[in-house]
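Student: I would like a close look at one part of this protein, namely its largest nonpolar core, and then a connected account of how the rest of the model is arranged. Could you take me through it with care?

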Amino acid sequence: CCQLPISSSELHLRHTGAPTAGASLKPARPSSASLEQTPVKMAQTARNAKPRARKGSGSSGSGGDSKLNVRREGVKSTDVGSESYHLLLVLGLPASCTVSQIQQHFRESAPLQVQMLTDWGTQQPRRAACVALTSNAAIRHATAVGEIGGAQICVCGAAGTAQAHKALSSSMSTAMREKLRTLEERIVKAIGVSPLPSSIAHVLRCSQYDVVSVAVEEALRTLASGKVKRPTQLFESHLLKRRKADSGAVWIRRVNGLPLPIAPTLRLRQLLEGLDWAKMPAEGKLRGIMADKSFKLGLSTKAWGRNNNGPYTPFAFKEDTGVWDAASIVHRHHELWEAASALIAAIDPAYHWTSVQFNRNFRGSLHRDDKDASYQVATAFGDYTGGELRVHGKDGIIDVNTRDRFVRFDGRFLHEVLPYEGTRYSVIYFQLEPPWSVDLTSTEEGT
């Protein structure tokens, strides 16, 4: 399947009735009136409208797009996929293609949302995905691509060409085409507009069947109230809302942590590579296949009950929790402790860390460290490829390259390590209790 360019001017004209005239226009939500316009009225609007240049806009040529960063235009992750013309249908993906591959392929257009699609009839993978973006600039950048995993892809937008429609039809089973036709007929009958507006048709093809079925039923119930003035907008709104909710988290971007200082990193790496991991303490040992080898030094906590004994004592910071400073274990492995201390002192000297976790080939799944009292400092080194730290934050997903680098992140957000090949060491500094209960430096006494 061939790559199909989609011009932002086509998209903007179709949904707002205004020409772009070479300017990089900020996407605008179509008005209710424009959604209900006939093709004749849209053409008249386009002829009569005057192009408006936006401050700071440049040529629409491809020269400046290669360094485009849509995040600088003030878009938010919540804007992803909020308009039908910000959805791209990607066809012809290799059978082994993953969401991460697609995210990396379209990274210059991030933030974005990716959903792998299944056939409505067979429930088998369609070798297709919906990529939701935020702006015309992002759309223009995303369509200037050709291959993923060695396979030639086809990118279809709301204003697709006849060639795109042919490629799209060939990607669907007979059963899916029949289900699609039935849904389209129901919508056409409900809104009284034929043929079905391309914006709605496009959202249907970019969604899963159970999602659009629910959205259509919701819109029909609302329409039955008799209070709806713009039925086309009603259906499009329900479809977009349901599709977005079903498509998972928004992927923000991939970033690089700050470089680790050479000398203390080399010292710590040499100690870990020469370590007899079998003799390391049981504290911090991860279960099952989460890591080849792992252990922890420093403060430890565990659930606390009346019958507890041994080194743990009640923890003032958290109820029903016991705490132990593990000083004897730290003393036994003082060389490793001192090397880890030297590294954190070099990269974040003000950080009040209480504990440090050492891992070899950590493969832990998605989790959160809800016992933490503050952020973590994550580092990694070794001979490996991949293995980014993925953090599911409040605005979406950020992937962080931590190889020979460090990053501060809050482990109380869900996070995981992406697949990698090779030997990966990770050293994670974290805080189980805050540095003070009352900051005496903020009192008259001062201490």
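**The largest nonpolar core and its surroundings**

Tutor: The largest nonpolar core comprises 35 residues, and those with the most contacts inside it are Leu91, Ile187, Leu204 and Leu239. At least two residues of this core come from each of strand 1 (87-91), strand 3 (125-132), strand 6 (154-156), helix 6 (162-170), helix 7 (174-191), helix 8 (198-205), helix 9 (209-223) and helix 10 (231-246). Helix 7 gives the most to this core, namely five residues. The model on which this description rests is a predicted one.

Isoleucine 187 offers a way into the details: apart from its neighbours within four places in sequence, Ile187 is in contact with Leu196, Ile200, Leu204, Val216 and Phe235. Two of those partners, Ile200 and Leu204, are listed among the buried residues of helix 8, together with Ser199, Ala201, His202, Val203 and Arg205. Because seven of its eight residues are buried, helix 8 is largely enclosed by the rest of the structure.

A second, separate core has 33 residues, including Leu268, Leu271, Val323 and Tyr351. For the protein as a whole, 47% of its 447 residues count as buried, and the secondary structure amounts to 13 helices and 21 strands. Among contacts between residues at least 6 apart in sequence, 77% join residues at least 24 apart.

Two polar residues show how such contacts between parts of the chain that are distant in sequence look in detail. Glutamine 103, which is found in helix 4 (residues 99-105), is buried, with a relative accessible area of 5%. Not counting residues up to four places away in sequence, Gln103 touches Leu112, Val114, Trp251 and Arg390, and with the last of these there is also a polar contact, in which the side chain of glutamine 103 meets the side chain of arginine 390 at 2.8 Å.

Asparagine 256, by comparison, has its place in strand 7 (residues 251-256) and is partly exposed, with a relative accessible area of 47%; this value falls in the partly exposed class because that class lies between the limits of 20% for buried and 50% for exposed. With residues up to four places away in sequence left out, Asn256 touches Asn401 and Arg405. The side chains of asparagine 256 and asparagine 401 are joined by a polar contact of 3.0 Å. The C-alpha atoms of asparagine 256 and phenylalanine 406 are separated by 8.7 Å, although these two residues are 150 residues apart along the chain.

There remains the open space in the model. The largest pocket has a volume of about 890 Å³, and of the 34 residues that line this pocket, Leu286, Gln357, His367, Asp369 and Phe430 are the closest to its centre. The elements that give two or more residues to the lining are strand 10 (300-303), strand 13 (355-362), strand 14 (376-381), strand 19 (414-417) and strand 21 (425-430). Strand 14 gives the most to the lining of the largest pocket, with four residues. Sorted by class, the lining of the largest pocket consists of 13 nonpolar, ten polar and eleven charged residues.

Key
Residues are numbered from 1 along each chain as its sequence is written. This is a predicted model: local features need pLDDT of at least 70, side-chain atom pairs count only at pLDDT 80 or more; totals for chains, interfaces and linings use all residues. Side-chain values use heavy atoms; hydrogens and water are left out. A nonpolar core is a set of buried Ala, Val, Leu, Ile, Met, Phe, Trp, Tyr and Cys residues joined through side-chain atoms within 4.5 Å. Buried means under 20% relative accessible area, exposed over 50%, partly exposed in between (1.4 Å probe, protein chains only). Contact means heavy atoms within 4.5 Å. A polar contact is a pair of N or O atoms within 3.5 Å; within protein, one must be able to donate a hydrogen and the other to accept it, and residues adjacent in sequence count only if both atoms are side-chain atoms. On a 1 Å grid over the protein atoms alone, a cavity is a set of points where a 1.4 Å probe fits but cannot get out, and a pocket is an open set with protein on both sides within 12 Å along at least five of seven lines; lining residues have an atom within 4 Å of a point. Grid points are joined across faces, edges and corners, and a volume is the space filled by probe spheres set on the points. Ala, Val, Leu, Ile, Met, Phe, Trp, Tyr, Cys and Pro count as nonpolar, Asp, Glu, Lys and Arg as charged, and the others, Gly among them, as polar.
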